[in-house]
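Thank you all for coming; I would like to take a few minutes to walk through a model that may be new to most of you. Please have a look at it before I go on.

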Amino acid sequence: MDRRTVLKGLAGASGLALTGGLSAPAIAQGAAARTLRFVPQANLANFDPIWGTQYVVRNAAAMVWDTLYGIDSSFQPQRQMVESEEVTDDGTTWTFKLRSGLKFHDGEPVLSKDVVASLSRWAARDPMGLMIKAIQQELTAVDDRTFKWVLKQPFPKLLFALGKNNAPVAFIMPERIAQTDPFKQISDYIGSGPLKFAKGEWVPGAKAVFEKFADYVPRQEKPSWLAGGKQVMIDRVEWVIMPDPATAAAALQNGEVDWWENPIADLVPVLKKNKNISVDIGDPLGNVGSFRMNFLYPPFNDVKARRAVLMAMSQEDYMRAIVGDDNSLWKPLPGYFTPDTPLYTEAGGDILKGKRDLDAAKKLLAESGYSGQPVTCLVAQDQPITKAQGDVTADLLKKLGMNVDFVATDWGTVGSRRAQKTPPGQGGWNMFHTWHAGADCVNPAPYTAIRANGDKAWFGWPTSAATEKEVTSWFEAKNLDEEKAAIARLNTAAINDVVYAPTGFFLSYTAWRKNVSGVAKGPVPLFWGVSKSA
Amino acid sequence: MLSYILRRMVATLPVMAIVALFVFSLLYIAPGDPAVVIAGDQASPEDVERIRQSLGLDRPFLIQFGSWVWRILHGDLGTSIFTNLPVSTMIGQRLGPTLSLMIVTLLLTIVVAVPLGVVAAWKAGSFIDRAIMGFAVFGFSLPVFVVGYMLAYIFALELEWLPVQGYTPMTEGLWPWLENLILPAIALGCVYIALVARITRAAMLEVLQQDYIRTAKAKGLGQGGILFIHALKNAAVPIVTVIGIGIALLIGGAVVTESVFAIPGLGRLTIDAILRRDYPVIQGIVLLFSFVYVLVNLMIDITYTLVDPRIRY
């Protein structure tokens with residue numbers, strides 16, 4: 001008899017006395033094996049994937065709501081809820097037919113009117129959706145299973161837009177839910193996907209539960225990312241929110257959870273040593289580290305100052321600060337697009353390659369007219385990635401002879417302060433750090449950070465006519481070769497004007513117990529195809 | 001006594017009002033914007049503004065404060081900006097784990113710290129006294145999270161006696177409830193045990209020098225009776241005071257402990273709400289904590305009358 005048994009016995013005896021015999025029902029091994037306990041990257045604080053665009057919301061929503069198309073691992077949109085589509089020769093009228101037998105979680109059939117309402121809500125919030133909306137003539141339901149989208153001009157990337165996995169995703173909801181103002185949160189979570197959201201068991205910040213939807217009709221093709229047959233092999237997925245990585249690591253080792261989405265690099269060696277745990281790269285598209293400079297105010301309103309920083313920075317320093325000594329977790333990135341994806345290019349990226357030239361960078365900075373004014377650098381300390389990058393940047397700027405005003409704060413404050421266009425000394429800023437999911441950097445469609453249309457651009461408000469011209473070229477490209485050529489020119493232009501500073505490409509691991517099988521790599525944790533033995 | 005309690009309850013109202021105004025003002029001027037967090041990185045400034053409008057965050061301070069106070073007066077703590085759930089529901093979901101953790105910690109503290117303090121006073125100057133006070137210094141010095149990680153490593157990972165994390169409600173059985181709370185309660189209780197043990201020792205030392213203790217010894221009373229019946233009761237007022245004040249320590253410590261042991265309690269809810277700028281939740285929790293603190297102080301004052309009949313209100 002071990003100590004735990006003795007403790008259990010003692011507590012059990014006192015428990016009987018105190019509670020009159022309250023006891024836990026024994027959970028059958030089979031039931032435990034049909035429940036997958038998953039530690040997500042963050043707390044599921046809301047569950048409206050159009051209203052809130054955080055990745056964790058997108059990941060949960062991908063289980064609950066299905067899409068018309070799904071992007072597969074070769075970045076091609078594949079039919080998902082759609083059975084067929086037709087487009088007129090001039091590319092302006094698309095007619096789609098839904099698969100038969102599609103049902104919502106309340107048992108109601110998925111109809112064209114639901115799709116029309118869902119796409120309308122999505123298009124009001126998504127950058128690609130807004131582009132489509134701007135050229136939309138009409139979006140109508142023809143019959144229960146057919147709907148038509150008429151545009152004023154062709155939009156070659158329409159199917160990509162409908163299937164892309166970047167938030168907000170074009171999820172299909174019942175009409176009554178999709179008619180909610182896109183700027184207000186839904187409170188009804190009836191879905192169209194392979195798992196149902198158990199709203200009654202949701203404890204934000206602690207737990208979210210998803211149950212298998214028995215009436216879901218999966219496609220027959222092999223699953224590939226958000227495309228293909230979404231065959232769910234488990235009855236229940238429990239998201240267990242764990243803010244502390246050390247606790248998550250211990251819980252995984254102890255068998256209290258089955259899968260941890262993104263263990264931090266420091267704890268991976270411990271997990272790798274455990275014979276019951278598998279560790280592998282989770283999202284092959286990884287992340288692109290970045291810091292952005294404010295184009296509105298000196299010194300970074302001068303391209304020479306921005307280039308000086310690019311010339312001096314060492315991506316290896318940034319990456320080692322983020323991932324440590326594991327060389328398999330990072331790559332230099334002399335450009336802006338995700339490595340190992342079809343449009344990846346290093347064109348124009350020489351300034352980021354080779355030995356760093358601090359003297360030349362100092363000379364260039366002096367030419368920009370920099371004269372020692374404070375450089376306000378926002379660094380969120382509660383995000384390990386931004387903290388690591390901020391420390392490296394502070395060191396870099398000091399080496400360049402810059403006067404650094406290092407603002408150590410939290411991510412919530414950075415989030416609101418970076419939107420300020422006032423001068424740095426009056427609540428504004430010169431630099432802030434962030435990172436982008438590699439899935440958002442595969443092409444310009446979801447890549448807000450690469451846009452350089454001044455006032456309408458992302459924080460820092462870069463202006464680069466050459467960059468914008470090539471973004472348009474990519475949208476108009478008719479084949480992959482044209483797309484590649486446009487992206488090469490875009491990369492060159494963006495680096496010349498330093499739209500932002502890429503600090504490198506980094507990956508992260510995912511870890512799961514060996515009694516779990518079918519964990520697939522992808523930009524989203526994929527729960528279909530995953531099974532668990534006792 | 002009843003009129004005293006009523007007077008104290010009424011006196012709570014201005015305290016709560018000041019706390020409410022203070023918290024609301026602080027959050028209003030604090031940097032950060034929940035609309036930015038909600039809108040995400042892809043959002044345009046116009047999108048952020050529309051979300052801000054839909055949440056009513058663009059309204060002037062006095063109107064926001066007035067409508068919040070009006071809701072509070074109607075027993076409505078508001079709705080979370082992020083989860084769209086009533087704040088009272090969210091607090092209700094989290095109250096059980098925090099209350100359980102605090103009760104177990106409190107019981108553990110009283111059961112361990114008071115006897116330790118009594119024994120230390122009884123054996124003042126001896127090795128036992130020095131050992132107990134050494135333990136107290138140790139308990140004071142170690143941060144909660146360090147103790148938590150050490151306990152989890154030893155008792156959960158190495159010995160596999162107890163779980164690493166989580167919380168199970170008591171309705172699912174006493175042992176499942178207790179096994180999740182043992183390690184967190186020890187971690188959280190370390191500082192508290194040290195504090196109460198030291199105060200107990202000091203209070204007992206003073207009482208043990210009184211004439212009536214000498215008389216009791218002269219009459220041949222047993223050591224246990226002298227220490228725990230006669231001396232401890234007379235030393236109880238400062239001990240009860242410290243135990244009460246310590247509840248504030250527990251609330252603070254629960255924030256860290258709940259994170260380390262992944263207990264879904266009010267401490268974690270507080271941190272999450274602050275990081276996201278979920279104003280209605282922060283305001284609701286602070287009000288609740290303030291009310292609990294005021295209530296605990298009242299209970300301490302009432303307890304004085306039980307341990308010392310000379311005290312009357």
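I will begin with confidence, then turn to chain B, then to one pair of its helices, and finish with the contact between chains A and B.

Please keep in mind throughout that what you see is a predicted model, and that its overall scores are an ipTM of 0.83 and a pTM of 0.86. For chain B the mean pLDDT is 88, with 99% of its residues reaching 70 or more. Within that chain, confidence is lowest in helix α2(B), residues 34–39, where the mean is 78, and highest in helix α8(B), residues 174–179, where the value is 95.

Now to the build of chain B, which has 14 helices and zero strands, and whose C-alpha trace spans about 85 × 55 × 35 Å along its principal axes. An unreviewed UniProt entry lists residues 95–304 of chain B under "domain: ABC transmembrane type-1". Over that stretch of chain B the model is 82% helix and 0% strand, and the C-alpha atoms at its two ends are 28 Å apart.

Let me pick out one helix pair in this chain. In general, two packed helices are described by the angle between their axes and the distance between those axes. Helix α9(B), residues 182–208, and helix α12(B), residues 236–260, have axes that come within 10 Å and cross at roughly 160 degrees. Angles over 145 degrees count as roughly antiparallel, and α9(B) and α12(B) are therefore roughly antiparallel to each other. Their crossing is right-handed.

Which residues of α9(B) and α12(B) meet? On the α9(B) side they include Pro184(B), Leu188(B), Val191(B), Leu195(B) and Ile199(B), and on the α12(B) side they include Ile239(B), Val242(B), Gly246(B), Leu250(B) and Gly253(B). Taken by class, the residues of this contact between α9(B) and α12(B) divide into 16 nonpolar, four polar and no charged.

Finally, how many residues bring the two chains together? In the model, 50 residues of chain A are in contact with 48 residues of chain B. On the chain A side, α1(A) (3–19), α8(A) (245–253) and α14(A) (411–417) each supply at least two of the residues that touch chain B, and the largest share, nine residues, comes from α1(A). By class, that side of chain A has 19 nonpolar, 20 polar and eleven charged residues, whereas the contact of α9(B) with α12(B), as I said, has no charged residues.

Notes: Residues are numbered from 1 along each chain as its sequence is written. Chains are lettered from A and ligands numbered from 1 in the order in which they are written. This is a predicted model: local features need pLDDT of at least 70, side-chain atom pairs count only at pLDDT 80 or more; totals for chains, interfaces and linings use all residues. Two residues are in contact if their C-beta atoms, placed from the backbone, lie within 7 Å. Helices (H or I, at least four residues) and strands (E, at least two) are DSSP runs, numbered from the N terminus. Ala, Val, Leu, Ile, Met, Phe, Trp, Tyr, Cys and Pro count as nonpolar, Asp, Glu, Lys and Arg as charged, and the others, Gly among them, as polar. Axes are lines fitted to C-alpha atoms, for helices over the stretch in contact, and angles run from 0 to 180 degrees between N-to-C directions. Angles under 35 degrees count as roughly parallel, over 145 as roughly antiparallel, 65 to 115 as roughly perpendicular and the rest as oblique. A crossing is left-handed if the near helix is turned anticlockwise from the far one by less than a right angle, and right-handed if clockwise. pLDDT is the predictor's confidence in each residue, from 0 to 100. UniProt positions are given in the numbering used here, feature names are shortened, and annotations may be inferred rather than shown by experiment.
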